[in-house]
Amino acid sequence: MPILQQFYIQEEMRNAVKEYILNHLKEITIKKAFNGESTEGICEAKNTLQNAFKQLDDTYGAKTQTNAVNSNE
């Protein structure tokens, strides 16, 4: 089983990693805003992260569901 599929199956870990990264982006945004720096790239980074996790779901979600159905037969 590919390592990314293993990561996908571990939903608690997957959600924790996503939340950690999003919280880090928020912290960076706040620091930059308070320092009067540009934050324009952070929104793109957030969208890219969310798209990457959606791609994981699209790629491995169906495989995981298929494997679960096959193992129950």
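# A chat about a three-helix chain

Modeller: Read from start to end, the chain runs α-α-α. That makes three helices and zero strands, where helices (H or I, at least four residues) and strands (E, at least two) are DSSP runs numbered from the N terminus.

Colleague: Anything I should know before I look around?

Modeller: This is a predicted model, where local features need pLDDT of at least 70 and side-chain atom pairs count only at pLDDT 80 or more, while totals for chains, interfaces and linings use all residues. Residues are numbered from 1 along each chain as its sequence is written, and side-chain values use heavy atoms, with hydrogens and water left out.

Colleague: Thanks! How much of the chain is buried?

Modeller: Of its 73 residues, 16% count as buried. Buried means under 20% relative accessible area, exposed means over 50%, and partly exposed is in between, using a 1.4 Å probe and protein chains only.

Colleague: Which residues make up the largest nonpolar core?

Modeller: There are nine: F7, Y8, L22, L25, I42, L49, F53, L56 and Y60. A nonpolar core is a set of buried Ala, Val, Leu, Ile, Met, Phe, Trp, Tyr and Cys residues joined through side-chain atoms within 4.5 Å.

Colleague: And which elements give two or more residues to this core?

Modeller: Those are α1, α2 (11-34) and α3. Helix α3 gives the most, with five residues. As a general point, nonpolar side chains in soluble globular proteins tend to be buried together.

Colleague: How many aromatic pairs does a search of the whole structure find?

Modeller: The search finds one. The ring centres of F7 and F53 are 6.4 Å apart with their planes at 55°, so this pair is tilted. For the cut-offs, rings of Phe, Tyr and Trp (its six-membered ring) pair if their centres lie within 6.5 Å; planes under 30 degrees apart count as stacked, over 60 as edge-to-face and the rest as tilted.

Colleague: Where do F7 and F53 sit in the chain?

Modeller: F7 is in helix α1 (residues 3-9) and F53 is in helix α3 (residues 40-72), so the pair links distant parts of the chain, 46 residues apart. Both F7 and F53 are buried.

Colleague: What else does F7 touch?

Modeller: Leaving out residues up to four places away in sequence, F7 touches M13, R14, V17, F53 and L56. Contact here means heavy atoms within 4.5 Å.

Colleague: R14 caught my eye. Where does R14 lie?

Modeller: R14 lies in helix α2, and over the face of Y8, at 4.1 Å from the ring centre. The rule for a charge over a ring is NZ of Lys or CZ of Arg within 6 Å of the ring centre and within 35 degrees of the ring normal.

Colleague: What about a charged partner for R14?

Modeller: R14 is buried yet has no salt bridge, and the nearest side chain of opposite charge, E11, is 4.3 Å away. A salt bridge needs a side-chain nitrogen of Lys or Arg within 4 Å of a carboxyl oxygen of Asp or Glu. Lys and Arg count as positive and Asp and Glu as negative; His and the chain ends are not counted.

Colleague: Then how many salt bridges does the whole structure have?

Modeller: A search finds two. K32 forms one with E37, with the closest N and O atoms 3.4 Å apart. D58 and K54 form a salt bridge at 2.9 Å, N to O, and both lie in helix α3, four residues apart, about one turn of the helix.

Colleague: How exposed are D58 and K54?

Modeller: D58 is partly exposed at 44% relative accessibility, and K54 is partly exposed at 48%.

Colleague: Back to Y8 for a second: which helix is Y8 in?

Modeller: Y8 is found in helix α1, and is buried at 11% relative accessible area. Y8 and L56 are 48 residues apart in sequence and 6.9 Å apart in space, C-alpha to C-alpha.
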